[in-house]
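This report describes a single protein chain, beginning with one strand and then moving outward to the core, the charged pairs and the helical part. The sequence and the model are shown here.

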Amino acid sequence: MALCLEKTKAEARARLEAKERAIVARAESDIELMEKDLEELRRRDEEISQLLQSEDNAHFLQATQLLCMPFATGRHSGTLSLPTEAFSGARRALGHLRSHIEEVCREEVDKITPAVNDNYKSGGEHVKSGRIHSAVNSKPQQVQLSTGQHATRAAPVSFPLSSLSLQAPDQRMRAAFLRFSCHLTFDPETAHPTLVLLEGPQGAHCGEEPQPYQPHPQRFDSVAQVLCREGQFGGASYWEVEWRGGGWIDIGVTYRGIGRKGGGKPCLLGRNEHSWRLRCSHAGYAAWHDNRKTTVAAPPSPRIGVFLERQKGALSFYSISDSMVLLHTFHCSFSQPLYPAFRLDLDSTLVICPHEGS
């Protein structure tokens with residue numbers, strides 16, 4: 001009996017050791033494949049970072065097609081699984097890349113469209129209404145949520161405002177602007193569904209999950225933009241904005257009649273004759289009006305001041321950090337009341353700064 005038990009014990013140990021060796025070998029193989037994939041992802045991440053700094057749009061579009069090619073399938077066993085949280089960073093990076101691609105596509109379409117129209121006019125051809133849809137208006141469909149459904153992701157909160165350390169001359173200049181400070185609040189009926197409106201102070205965050213906002217004719221349905229309730233009808237007005245995040249934000253003003261449906265130029269801040277904007281990113285600034293871009297060479301700042309002199313036809317943007325620097329001034333004859341407006345890139349957050357004493 002004892003010999004039989006020893007034999008059974010030895011056989012069981014041998015089977016367990018063989019199974020352990022097989023599992024270890026499979027795990028080592030999976031680790032080796034994952035290390036190769038990780039190295040490939042690091043290489044692609046470096047190429048994407050370099051690509052985002054490129055000014056050559058044609059090269060950007062060609063390289064994007066190569067970088068977006070998936071890995072070969074069937075390399076990993078079905079038993080290997082990773083939590084979805086492990087890919088949140090990748091989703092955010094892809095969101096920024098998609099936004100940049102859409103912006104480049106819009107610019108390229110804007111360049112191509114006049115030439116196409118000239119060809120049609122010279123040939124006497126006419127395109128029937130509704131037959132062709134421009135790619136510039138194509139946007140991913142928004143998920144429609146019922147009134148009782150809520151986004152699963154926790155809503156972000158307003159961040160602490162940065163402390164200013166201005167020199168005396170800049171302090172006096174800012175104090176002069178602050179005499180014209182105006183109180184601004186977001187109009188929730190205009191907010192795009194991906195914008196989370198924040199309280200205390202007023203702020204907005206662009207996330208991935210659509211909010212259960214009620215349908216409204218004034219709501220932007222394809223562009224992550226929001227207007228303020230308070231229109232600037234005359235005199236001078238001043239407000240400050242701080243922003244955070246890995247993407248960019250647009251700070252601007254617009255007439256109330258800016259387009260709300262679709263993602264074309266009639267709806268985009270600065271891409272039509274009815275709106276003006278300053279794009280703020282970690283790489284610098286760009287001023288836009290009537291689809292004309294002016295690059296502004298200045299170091300990035302988390303706080304931007306906006307001074308509007310509607311009757312004089314001047315709209316100025318200032319960076320505010322350890323100094324107060326004029327970034328750009330638009331000169332235009334404003335014919336209608338102007339409404340402060342904002343557009344946010346994915347994962348970006350902005351806060352309307354309450355002025356001192358408010």
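Which residues of E10 lie on one side, which lie on the other, and are they buried or exposed? In this predicted model, Ala314, Ser316, Tyr318 and Ile320 are on one side of E10, with Leu315, Phe317 and Ser319 on the other, and all of them are buried, where buried means under 20% relative accessible area, exposed over 50%, and partly exposed in between (1.4 Å probe, protein chains only). In a regular strand the side chains alternate between the two faces of the sheet. E10 spans residues 314–320, and seven of its seven residues are buried.

As to what may be read from the model, local features need pLDDT of at least 70 and side-chain atom pairs count only at pLDDT 80 or more, while totals for chains, interfaces and linings use all residues. Residues are numbered from 1 along each chain as its sequence is written, and side-chain values use heavy atoms, with hydrogens and water left out.

**Strands around E10**

The protein chain has four helices and 13 strands, taken as DSSP runs (H or I, at least four residues, for helices; E, at least two, for strands) and numbered from the N terminus. E10 pairs in the antiparallel sense with E9 over seven bridges, and with E11 (residues 324–331) in the antiparallel sense, also over seven bridges; two strands count as paired if DSSP finds at least two bridges between them. Phe317 of E10 stands opposite Val306 and opposite His328 in E11. Four residues separate E9 from E10 in their hairpin, where Gly313 in the turn has a positive phi of about 70 degrees, whereas three residues lie between E10 and E11 in theirs.

**Core and chain**

Of the 358 residues, 38% count as buried. The largest nonpolar core (buried Ala, Val, Leu, Ile, Met, Phe, Trp, Tyr and Cys residues joined through side-chain atoms within 4.5 Å) has 36 residues, of which Ile251, Leu315 and Phe342 touch the most other members. Apart from it lies another core of eight residues, including Leu166, Leu178, Ile320 and Met324. Among contacts (heavy atoms within 4.5 Å) between residues at least 6 apart in sequence, 71% join residues at least 24 apart.

**Salt bridges**

The structure holds 11 salt bridges, each defined as a side-chain nitrogen of Lys or Arg within 4 Å of a carboxyl oxygen of Asp or Glu. Three of them are listed below with their N to O distances.

| Pair | Closest N to O distance |
|---|---|
| Glu32 and Lys36 | 3.9 Å |
| Arg303 and Glu240 | 3.0 Å |
| Glu242 and Arg244 | 3.1 Å |

Arg303 in strand E9 (residues 303–309) and Glu240 in strand E4 (residues 236–244) are 63 residues apart, so that the pair links distant parts of the chain, and both residues are buried. Glu242 is buried at a relative accessible area of 0%, while Arg244, at 28%, is partly exposed. Shared partners join Arg174, Glu240, Glu242, Arg244 and Arg303 into one network of salt bridges.

**Helix H1**

Glu32 and Lys36 are four residues apart in helix H1 (residues 2–52), and are therefore separated by about one helical turn; Glu32 is partly exposed at 43%, as is Lys36 at 46%. H1 has 51 residues and reaches 73 Å from its first C-alpha to its last, close to the expected 75 Å, a span reckoned as 1.5 Å times one less than the number of residues. The buried residues of H1 are Asp30, Leu33, Asp37, Arg44 and Leu51.
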